[in-house]
Each structure stands twice: as C-alpha cells, then as structure tokens.
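Reader: Could we go through this model together? I would like to begin with the contact between the chains.

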Amino acid sequence: MSRALVVRRAGPAMSLQDPGRPGLLGQGLSRGGAADARALAEGAALLGQGGDLAAIEMAGMGGAFEAVGDLRIALTGAPMRASLEGAPLAWGATHLVRAGQVLEIGPVLSGVYGYLHVGGGFDGPEVLGARGAHLSAGIGRVLATGDRLSAGVDPGGEVGLCLPPEDRFAGGVLRAVHGPQTAMFSPEDLERFEATRFARDARGNRMGLRLVPDGAGFQSRAGLSIVSEIVVPGDIQITGDGVPMVLLTECQTTGGYPRIGTILPCDLARAAQAPAGAEMRIRFVDRAEALAVERKAAEALRALPGRITRLVRDPWDMRDLLSYQLISGVTAGE
Amino acid sequence: MGQASRHSGAGIPRIDWLGLDGLLVRFGDALSEPANRAALALRHAILREDWPGVEEVTGALVSTYLRFDALHVDADALRARLEDLVASRDWSGEPLPGGRRIWRVPAVFGGDLSPQLAEAAALAGVSPEQAVSEIAGKRLRVQTIGFAPGQPYLGELPAHWDIPRQTELTPRAEVGALVVAIRQLTLFSTAAPTGWRQVARTALRPFQPDRAEPFVLRPGDEVVFEPVDREVFERLQGDPQGGAVAEVLP
C-alpha cells in the first residue's frame with residue numbers, strides 16, 4: 001500500500017499548499033500558494049527535496065494525523081504544540097513517524113500558519129499546474145476529517161534535523177516601496193503613515209489582513225475614483241474607512257482602491273504570520289535598497305541547507321532514540 | 001506639473017513601478033473604449049516581442065501590467081524599453097487582437113434571479129423593460145478578465161448606466177450572477193460578496209477548474225445576453241457552459 005497520511009481530526013483551516021500558480025493574473029487568478037513561502041523552503045531544505053512540493057498549511061490550529069507506512073515529516077512555520085504518540089516533538093525539525101503512529105498538532109504558540117511536510121511531498125490532483133488549494137478561487141478545499149493524503153516518492157534521508165528559527169511570528173517592521181498611487185497621498189500623510197503603529201485586526205485570511213492604525217486613518221486625493229487595475233500581493237490598499245489592508249497570496253487580481261505602497265516579497269511572510277493584535281510598522285525603502293534586501297533574502301533561502309543542525313535532546317527523553325540513527329531508511333513506497 | 005493635474009489626465013499614457021517586480025502602463029484615469037483598446041494592444045505587442053526576464057504580461061480595463069524577474073533583470077533598462085515601445089505609436093488606434101469570439105449567453109431577466117433589475121433601471125433612468133433591452137441583445141466586449149478567475153468585465157453600456165456601486169455589500173452573489181455598475185457588467189465566476197446590483201442570472205460558469213480549458217472567456221471576446229425564461233435556465237444549469245455558444249469573429 002502506498003504511503004499516506006490520514007487526517008483523523010481536521011483543524012478548521014488546513015489546506016494543501018505549494019508555491020502556487022504564477023502567470024495567471026490575466027485569467028483573473030492570483031498566484032495563491034503558501035501564506036509563508038519561507039516555511040515551504042525550510043521544509044524542503046530539512047527533508048532534502050525540491051521546494052515545489054505540497055505541504056499541509058494549518059492556520060491557527062493543527063489536527064491529528066495517522067501514518068500509513070513510515071514517513072519522514074518536517075514541521076515549519078508558526079510553532080504549534082506537536083506530539084507523536086503523546087511524546088512532544090520539536091518544531092522546526094524533522095521526525096520519523098512509523099506506520100500506524102498518530103501525530104497530533106495543536107494550537108499555534110505564536111504566528112498564524114504552521115506547516116506539515118512529508119518526504120516526497122503530498123500527492124494530489126494538479127489543477128492548472130499546481131496541487132495547492134486556492135480557496136477564494138474555488139480550487140481545492142480545506143482538509144476534512146477522513147481525508148487520505150498520499151505521499152510522493154521520498155528520496156530518503158536523515159531525521160532529527162532542525163533549522164534555527166527565524167522569528168517572523170510577532171509582527172515588526174515591514175519594508176515597502178512606493179507604487180502608482182503613492183503620490184496621491186500628501187507628504188504629511190506618508191510621513192505619518194511611517195510613524196504609525198498598526199495592530200493586526202482579528203479579521204483576516206489568505207486574501208489579506210487589515211492594519212488598524214493607532215491614530216487617524218489615511219485618505220488619498222483620488223478618493224475612490226480609481227479605475228480598477230492589477231493588484232498584487234503585498235499591495236497596501238487604503239479602503240473607504242482609511243484603514244490599510246495588506247493583500248496576501250489569494251488576493252483578487254484587480255482592484256480600485258488607492259494603494260499607498262507595496263510590501264517587499266521577503267517581508268510578506270512576516271505580515272501573514274502576525275497574529276491578531278501584533279504590532280506592525282511600515283518603512284518605505286527606495287528601489288535600490290529594496291533590491292539589496294530582496295537579494296539577501298534569496299541568498300538566505302539558498303543557504304538554508306547549510307544551516308541545518310542536529311536536533312539536540314536529552315537522551316532520557318528519547319524513547320525513539322533508535323529512529324534517529326536512521327539514514328535513508330525510509331523506503332520509496334513504490 | 002502638480003500631482004492633481006497629472007491625475008486629471010495629462011501625462012497619459014503613464015508608466016509607474018508596481019511593487020519591486022512590476023511595471024504598470026495606464027492609458028486613462030477612467031474607462032473608455034480607446035483606452036481599453038490601447039491596453040489590450042500593448043499587452044499583445046509585449047507578448048509578441050517576448051522580452052527576456054519578463055514573466056507575465058496582462059492588463060486591466062485601461063492598463064497593461066508586466067511582471068519581471070527583479071533579481072535577474074536590469075529593471076531600469078526594461079523600463080526604458082517599455083517607454084520606447086509605449087511612445088512608438090498611438091495604441092488606441094491599434095486593431096483588436098485576432099481570434100476573438102462572440103458568445104451568445106442565455107440569461108434570465110426578471111423574477112428572483114434578477115433581484116435588483118428595477119432598482120438599477122431606476123438609477124439609470126429607464127423602465128425595467130427598457131433596461132433589459134439595453135443590456136440584452138447588445139454586443140458587449142470582454143474588456144478584461146479579473147478580480148476572480150475567468151470573471152469578465154463587459155462593456156460599455158450607454159452613459160446613463162454610469163450608476164454607482166451600492167453602499168452596502170450584497171453578502172453573496174452566486175456564480176452566473178450578472179451585476180451592473182459604472183457602465184459595466186460583470187458575470188460572477190465564484191460566489192462572492194458584491195457592491196454591484198444583480199440584474200440577471202446565467203447558468204454559465206466562467207471558471208471551470210476541472211476542464212482542460214478552465215477559463216471560458218478571453219479579453220476582446222464579445223458577449224450577447226439572450227433573455228430566456230426560468231424553465232430554460234433550470235434546464236441549462238446542468239451544462240457548465242450554461243447553453244452559451246461561441247462563434248469566431250471574422
């Protein structure tokens with residue numbers, strides 16, 4: 001029987017996610033894909049596999065999963081309480097789950113989106129070149145209790161590896177560049193915008209999140225008269241009530257609200273992962289600085305495999321000590 | 001020149017950065033047929049020229065957008081090349097792209113599938129009967145696909161249809177809902193909230209993810225809505241095309 005993970009109890013907002021479907025804006029379909037692209041890359045590095053494979057994205061809450069066949073897993077993104085057969089599991093790490101064992105993933109400890117990866121990635125029907133769900137477009141769906149997610153061919157590899165966590169789960173500073181409508185805001189308002197402390201509104205999803213300012217809202221000179229044009233993830237729309245909305249991976253493809261600027265791609269995971277109430281600030285950077293920052297982030301992603309270390313645990317806690325010696329022991333399942 | 005006067009129309013077409021990896025060319029500050037034609041034509045010209053490092057070329061009602069690989073492309077050189085191309089001709093005088101089709105789409109006007117027909121007609125200053133005859137039977141162009149997958153924006157209706165969006169959102173428009181505002185119609189491809197008024201309902205699903213060709217309509221296509229009664233609509237609901245038939249335009 002092929003290797004799989006069976007969902008024994010589904011959290012309310014779990015879906016398969018991968019890098020999404022770029023190139024379909026002209027058809028009205030935004031890229032979609034994992035809300036935290038860095039977490040996808042971390043899972044791929046930990047498991048020694050390609051970054052285009054699908055993983056389970058869990059918003060706020062995980063679930064219970066039973067292994068069909070032995071599986072290597074990696075847990076990345078927002079840290080969540082996790083255990084295997086009752087024994088706690090480290091986040092940001094790889095583990096072996098034996099056939100029949102039950103993995104439990106509880107609520108998020110910080111951040112919003114946690115990820116569960118398997119060696120070989122999750123298999124599933126491809127729609128328009130990707131396996132991930134695009135919930136707002138009606139592609140795929142949230143995972144449900146009883147779903148059986150088969151795993152692809154696992155190249156095999158060591159488990160008990162971890163990556164030092166990169167803190168992006170508590171808000172902070174988001175860097176942005178100016179855009180087509182930035183000049184429709186007064187210089188005073190742009191200055192005030194940068195000085196404003198924003199709190200992430202409790203409402204929010206994969207399409208976008210609202211940033212509630214600690215002072216007055218913002219108004220553009222254009223008001224609401226802008227003809228609809230292409231909008232992209234990272235755009236900061238100022239809606240009718242003056243409250244900024246940051247567009248995320250599943251945003252609409254066109255919109256007519258004035259945009260004060262666009263958050264850099266490498267800071268978008270920090271925005272998506274900010275929990276309700278988290279404080280954020282926006283800092284405008286010029287294009288040269290933005291490019292330098294983005295290059296550095298791309299290099300950091302490429303360097304992930306070199307930053308992997310062994311998970312250090314107290315051997316007395318390691319009931320499953322032997323499993324950590326396992327190298328290339330997981331069969332391809334073919 | 002002040003920002004306000006530029007916004008009022010001078011400096012068109014206008015080129016701006018959109019994010020770190022995008023460029024936006026706008027042919028107008030409001031919807032118009034020539035601006036829509038220009039946006040379509042520029043998009044096709046850039047696609048034909050197949051510039052290295054350009055990853056996506058698309059557009060909206062009166063604008064063309066291109067996305068490039070910011071880490072590997074000289075963005076300033078790309079922008080200069082785009083400026084040259086934009087300045088090379090009057091894009092609003094270009095022919096529409098080839099391979100366009102005309103779609104005849106059955107639609108129910110009146111009754112509960114058309115809940116705001118009377119309200120929309122009143123705002124446009126016509127009777128409901130007049131509204132139907134102005135919307136149905138008219139050849140409308142797919143000006144852009146956007147907002148949701150496969151969702152067409154259709155126009156342009158006569159000037160008296162420059163009716164505002166409603167202030168409150170309708171919580172849910174169904175797939176196939178035909179809604180109107182600001183001289184345009186859009187046909188919902190996913191169920192979503194809307195601030196536009198629903199004047200008809202079709203059985204056409206503009207986005208069919210399970211099909212080899214999931215997107216039914218293309219920018220530049222024409223659409224004619226043909227009034228049918230409720231019974232016909234119910235029968236057509238089993239057909240994802242909703243009884244729509246297409247013919248290639250000469």
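Author: Certainly. This is a predicted model, and the count between chain B and chain A is one salt bridge.

Reader: Which residues form a salt bridge there, and how far apart are the closest N and O atoms?

Author: B:Arg26 pairs with A:Glu229, and the closest N and O atoms are 3.7 Å apart.

Reader: How many residue pairs are in polar contact across that interface?

Author: The rule finds eleven residue pairs in polar contact between chain B and chain A. On the side of chain B that touches chain A, the elements giving two or more residues are helix 1 (3-7), strand 1, strand 2, strand 3 and strand 4 of chain B. Strand 4 of chain B gives the largest share of that side, four residues.

Reader: How do the residues on that side of chain B divide into nonpolar, polar and charged?

Author: The side of chain B that touches chain A has 22 nonpolar, ten polar and six charged residues.

Reader: And what area is buried between chain B and chain A?

Author: About 3,300 Å² is buried between the two chains, with carbon and sulfur atoms giving 62% of it. Of the area that chain B buries against chain A, 21% is supplied by B:Leu20, B:Leu71 and B:Phe147, more than by any other three residues. In residues, the contact takes 38 from chain B and 41 from chain A.

Reader: Back to A:Glu229. Which other side chain does A:Glu229 meet in a salt bridge?

Author: A:Glu229 meets A:Arg259, at 2.6 Å from N to O. A:Glu229 lies in strand 16 (residues 229-230) of chain A and A:Arg259 in strand 20 (residues 259-263) of chain A, so the pair ties together parts that are 30 residues apart in sequence.

Reader: Are A:Glu229 and A:Arg259 buried or exposed?

Author: Both A:Glu229 and A:Arg259 are buried. They also belong to a network of salt bridges that links A:Glu229, A:Asp235, A:Arg259, B:Arg14, B:Asp16, B:Arg26 and B:Asp29.

Reader: How many salt bridges does the structure hold over all chains?

Author: The structure holds 43 over all chains. One within chain B joins B:Arg101 to B:Asp221, with the closest N and O atoms 2.8 Å apart. This pair links distant parts of the chain, 120 residues apart: B:Arg101 is in strand 5 of chain B, and B:Asp221 is in the loop between strand 12 and strand 13 (222-227) of chain B.

Reader: Why does B:Asp221 count as buried?

Author: B:Asp221 counts as buried because its relative accessible area is 1%, and the cut-off for buried is under 20%. B:Arg101 is buried too, with a relative accessible area of 14%.

Reader: What about B:Glu174 and B:Arg172?

Author: Their side chains meet in a salt bridge at 2.9 Å, N to O. B:Glu174 counts as partly exposed, at 31% relative accessibility, whereas B:Arg172 counts as exposed, at 52%.

Reader: Turning to the nonpolar parts: which residues touch the most other members of the largest nonpolar core?

Author: The largest nonpolar core has 43 residues, and B:Leu66, B:Phe68 and B:Leu82 touch the most other members. Several elements each supply at least two residues of this core, including helix 4 (287-302) of chain A and, from chain B, helix 2 (33-49) and strand 4 (63-68). Helix 2 of chain B gives the largest share, seven residues.

Reader: What does B:Phe68 touch?

Author: Leaving out residues up to four places away in sequence, the contacts of B:Phe68 include A:Arg287, B:Trp17, B:Leu20, B:Val54 and B:Leu78. Apart from this core lies another, of 32 residues, among them B:Ile163, B:Val180, B:Leu204 and B:Leu217.

Reader: Where is B:Thr202 found?

Author: B:Thr202 is found in strand 12 (residues 197-202) of chain B. B:Thr202 is buried, with a relative accessible area of 1%. The B:Thr202 side chain reaches the backbone nitrogen of B:Leu204 at 3.3 Å. Among the residues that B:Thr202 touches are B:Val105, B:Val175, B:Leu187 and B:Phe233.

Reader: And B:Val105, is it buried or exposed?

Author: B:Val105 counts as buried, at 1% relative accessibility, and its place is in strand 5 (residues 101-109) of chain B. B:Val105 touches B:Thr202, B:Leu204 and B:Ala244, among others farther than four places away in sequence.

Terms used
Residues are numbered from 1 along each chain as its sequence is written. Chains are lettered from A and ligands numbered from 1 in the order in which they are written. This is a predicted model: local features need pLDDT of at least 70, side-chain atom pairs count only at pLDDT 80 or more; totals for chains, interfaces and linings use all residues. Side-chain values use heavy atoms; hydrogens and water are left out. A nonpolar core is a set of buried Ala, Val, Leu, Ile, Met, Phe, Trp, Tyr and Cys residues joined through side-chain atoms within 4.5 Å. Buried means under 20% relative accessible area, exposed over 50%, partly exposed in between (1.4 Å probe, protein chains only). Contact means heavy atoms within 4.5 Å. Buried area is the accessible area (1.4 Å probe) that two parts lose on being put together, summed over both. A salt bridge is a side-chain nitrogen of Lys or Arg within 4 Å of a carboxyl oxygen of Asp or Glu. A polar contact is a pair of N or O atoms within 3.5 Å; within protein, one must be able to donate a hydrogen and the other to accept it, and residues adjacent in sequence count only if both atoms are side-chain atoms. Ala, Val, Leu, Ile, Met, Phe, Trp, Tyr, Cys and Pro count as nonpolar, Asp, Glu, Lys and Arg as charged, and the others, Gly among them, as polar.
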